[in-house]
Amino acid sequence: MKGFKVLMVLCGAALVIAGCAIPMGDDFLITREGKTSLIYIIDYNLQTYVPIPSRGQPPVTGVNRGDLDLSVVWKDQSGNALPGLTVFADNTVYQAEIKLTPKEGYGFSPSNSFEYHPGKITAQSDDRGEPTRRVTVTYNNSDEAEITYITDYNLQSYVPIPMADEKPVRSVTHRGDVGVEVTWEVENPLNSGNFNPIPAGDSYTFVAGAVYRAGIKLTANPGYRFREMDFDYPAGTVSTPPGPDTDPDARDLRVEYKAAEAPTVISELNLTPYIPKPASGGTAVTSFGGAQYTGTVTWKNTATQAVLVGPFQAGTEYTAEVSLTAAIGYTFAGVGQDAFIYTGAKTVTNPAHSGTVSLGFSATGNVSVVTVSETDLTGRIPKPAYGVTPVTSFAGGQYTGTVVWKKTNTPAMLIGPFQRDTAYTAVLTLRAVPGFTFTGIGQNVFTHRGAAGAVTNPAGSGTVTIDFPPDTIPGYTADTFGPVGVEGSALKLMMERRHDSLPLTIELPAGTEELKSNSAILVGDITSPTNVTIDGCHRVLEIKTPGTLLTVSNGVTLTLKNITLQGISGNNAPLVTVLYGGKLILDDGVTLTGNETTKKAGGVWINGGELVMNAGAAIKKMSADSYDSHGGGVLVDTDGKFTMNGGIIGGVNSANTASGGGDGVHVAGGVFDMYGGTIQSNETSGDWCGGGVNAGGIFNMYGGTIRGNKAIGYSSGGGVSVSGGQFTMNGDAVIEDNEAQGRYTGGGVYNGAGYTASFTMNGGTIRGNTAEGFESAGGVHASFSFTMNGGTIKGNTAEGSGSAGGVSIDSGAFYMNGGAIGGKEDGDANRASGANGVFDRSFFSMSGGTIEGNTADDTNNYGVYIKGGSPFTMSELARVAQDNVVFLEPGATITIDNTLRKPSPVATIIAGGSPSSGTTRLLRASSRTLIEENCNKFHYGAALGYIDNTAVQGTGTDMNTWYGVYKEEE
């Protein structure tokens, strides 16, 4: 359309009182002497009232809001009314006469300004302060309507897979870009290939084993349009129904599914990880989500049944009423009565086949308060980057925070995304969580690695100010590809198209001549987001001089296909860099290889951007060989994200190597999500390193395999090293056949460098890994928190004094709530010279799971080895099989916490040394009652006689603990 003029009655885009900007999104009560108090309307963005006219879309004629009523009369360019206007035409100028009337109690501010993006306000009326406004907005000429193209072509994100006992999705209305309507058919079981329609309504549920077909109609919402792209559905077959499809704003599609699956009975019965135990001053969790269900929690005072409002109080018993909702594909049918567990609760009850659970807790105590010590804000507030929406709040750790962004040295608050070449200031308001305080914190102690200068805060305060430098994107660098067979070079073609947002595909023709870059290539935009695809037609692109071959900058999504990027030895930079706001996708046929660097990563440095690696891609033969280099294959730096769906990093005879981090992937401060693919045969040397992955940030492993990697060095992990980060292992993920050499190492996983290191195992398998060294572990070495909720650790071996085949607990804590260490099949046994299953030198709490089958020979079949003075607690569903004895050194005890639910025996005990004075104390109760029934669930080795179930009180500082006494045989 050529232009668009609007006459509007409205208020400005920012409300300013006494020189201070008031943020949008809140109502403010303004009292003036002699006048009635009003709530000023603060939404002055005209586009929120009247959208831009778009070809083929109906005009807005009225809006009923909570603060005002709006009516619109549409006119042509000459000001003549258009009462019959139903849809906007192309190449047409429109005017809109808009009347806005505040509702009772609301009014317009007498000081306001107006905004309309991308329009320009050319005139304003003089009746400011009155109930109405008149504003003229004129748009630049345009040859076509403003259109945003739809980007999501995965139908599974619109319509879920049919699961037995679930109701069919009939429509989707919550999306902003597309409206979805769905009709369903079911295959006639007596006439294969013929489908009968399922009547509309809410009564039908999917049947296990039946085959379904969905008719999906997608209609683009105003301002959106489909591209000429095929839709996909990973779990079904997509086709187009017979008949023409000529509407560019709609798609009719049909998806045929495999037979519907029966739901799986809920097996995640341990609620401990989801609901924190009540503590004085703590905030109650009221909702949570897991893989198999979501839950809401109502907290009540146990004595009065009053619903909790605010934080927990001291000296009060609480009851949590938990209501669970099964996720798609799961059911509570088959869950037994009182099957749920919670470590630390007095009572846990639930009806059979139900997701309603009641948890009873003991009285809360007092919480000690300490001064906040987490002063690095880098991971919480991303550095401003062009086009990125600013973070305005965050949570986690010792405090929560809200952020107000301003242009530096101005009072104007930021609305919308960050702009280029603009310096910004973030003003943070931090609020300490229960147990922490800002009292005692020093002046200007907070830091941010991306700040332009000093980060300031008053002493004893959580108000922090951070100044950031402008985000400046460099221009393109001239480059020569050689005779590539297109007009000019491929890079020149990219530059010519850089000012539009349309997808750009560059296909290099087949050939054998060398393609070499004389200098770095920057695939970057200056004005608008761009999708760029380069299909290299299996060509090799090699950098000739030291430096980065390819940089993906802000606003660009670059997809590579069928191309090899070749590095050089003696380089001082990564082969590829992905900057903030940039995204790189490695598709089938892409290989990154042969770069040896002394800076950052050998392969890809994700510097705040995003990398996606799909099946058929490879990163191999990279080297990062210096103190300043981390990650032979990939370095995920602060705020970066790496998603691995497939492909391989390393490989047999294709190892990536590093001396200062992870051979395959080093997560320095961002997020690494692994859904598939393989990280294999990578090698590292150095302390606190990981052969496959070094997790200093967040590493979530949902699938894929980490195999055959090697780490040599103090406190290292052959497969994964958790170096101050958080590692979570889920689903069918596998860590196998990795090797670690050195003191305190883990063949599969080492969890220990940095006080924030944690490893949570919800599923997956750690098997066949080896470790060699003092107090090493074949499976997992835990120097910090390790929680095992599921999965299997089996077939691992370790050699060295004090080693463990399965898990070694050094100075950390091991919480085993589920899963298995060892197994019943050949090759499942973990083996070591110290303890085959678990070696506890610190703290071991077992509330579920099984330790079994870890037998190597007649002299060492310890399932659990407890050092003297190292706590070992058994409760709930804990069980150590009879073929895996629990060996207690002199002075070691087993604490029985709550009821032991497994049948006898739950463990077979052998005590080290000879009993003193005819007795030795082995079983220890956490209350004044040592239950005889629990004592009888333990069997005792040849070194012990019988148990005297009379509880004996300890002495001295241990006088509140009660023990079962074992006597020598008479």
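These are my notes on the model above, point by point.

1. Before you start: this is a predicted model, so local features need a pLDDT of at least 70 and side-chain atom pairs count only at pLDDT 80 or more, while totals for chains, interfaces and linings use all residues. Residues are numbered from 1 along each chain as its sequence is written, and side-chain values use heavy atoms, with hydrogens and water left out.

2. Let's begin with the rings. A search of the whole structure turns up 31 aromatic pairs. Here, rings of Phe, Tyr and Trp (its six-membered ring) pair if their centres lie within 6.5 Å; planes under 30 degrees apart count as stacked, over 60 as edge-to-face and the rest as tilted. Take tryptophan 299 and phenylalanine 361: the ring centres are 5.8 Å apart and the planes sit at 35°, so this pair is tilted. Tryptophan 299 belongs to strand β22 (residues 293-301), and phenylalanine 361 to the loop between β26 (356-360) and β27 (370-371), so the pair ties together parts 62 residues apart in sequence. Strands are DSSP runs (E, at least two residues), numbered from the N terminus.

3. Are those two rings, tryptophan 299 and phenylalanine 361, buried or exposed? Tryptophan 299 is buried, and phenylalanine 361 is too. Buried means under 20% relative accessible area, exposed means over 50%, and partly exposed is in between (1.4 Å probe, protein chains only).

4. Now look at phenylalanine 814 and phenylalanine 844. This aromatic pair is stacked, with 4.9 Å from centre to centre and 5° between the planes. Phenylalanine 814 is in strand β72 (residues 813-816) and phenylalanine 844 in strand β76 (residues 843-846), so the pair ties together parts 30 residues apart in sequence. Phenylalanine 814 and phenylalanine 844 are both buried. They also belong to one aromatic cluster, made up of Phe642, Phe672, Phe699, Phe727, Phe759, Phe786, Phe814, Phe844 and Phe872.

5. Some rings have a charge over them. The rule is that NZ of Lys or CZ of Arg is within 6 Å of the ring centre and within 35 degrees of the ring normal. Arginine 213 lies over the face of phenylalanine 195, at 4.1 Å from the ring centre. Arginine 841 does so with phenylalanine 839, at 3.9 Å from the ring centre.

6. On to the sheets. Strands of a sheet pair through backbone hydrogen bonds, either parallel or antiparallel. To count as a pair, two strands need at least two bridges found by DSSP. One open sheet has nine strands with parallel pairing, in the order β42-β46-β50-β54-β58-β62-β66-β70-β74. Which strands are at the edges? They are β42 (596-597) and β74 (831-832), each pairing on one side only. Inside that order, β46 (residues 623-624) and β50 (residues 657-658) pair in the parallel sense over two bridges, and alanine 624 stands opposite alanine 658 in β50.

7. Strand β22, home of tryptophan 299, has antiparallel partners as well. Three bridges join β21 (residues 287-289) to β22, where glycine 289 stands opposite threonine 294. The link from β21 to β22 is a hairpin through three residues. Nine bridges join β22 to β23 (residues 318-326), again antiparallel, and here lysine 300 stands opposite threonine 319 in β23.

8. How many salt bridges does a search of the whole structure find? It finds 11. A salt bridge is a side-chain nitrogen of Lys or Arg within 4 Å of a carboxyl oxygen of Asp or Glu. One of them joins arginine 449 and aspartate 376 (2.7 Å, N to O). The pair links distant parts of the chain, 73 residues apart: arginine 449 is in the loop between β31 (436-437) and β32 (463-468), and aspartate 376 in the loop between β27 and β28 (393-394). Arginine 449 counts as exposed because its relative accessibility is 58%, whereas aspartate 376 is partly exposed at 31%.

9. Last, glutamate 736. It forms a salt bridge with arginine 707, the closest N and O atoms being 2.7 Å apart, and another with arginine 767, at 2.8 Å. Shared partners join Arg707, Glu736 and Arg767 into one network. Glutamate 736 is buried, with a relative accessible area of 9%, while arginine 707 is partly exposed at 27% and arginine 767 is partly exposed at 33%.

Definitions and conventions
Helix = DSSP H or I, 4+ residues; strand = E, 2+ residues; numbered from the N terminus.
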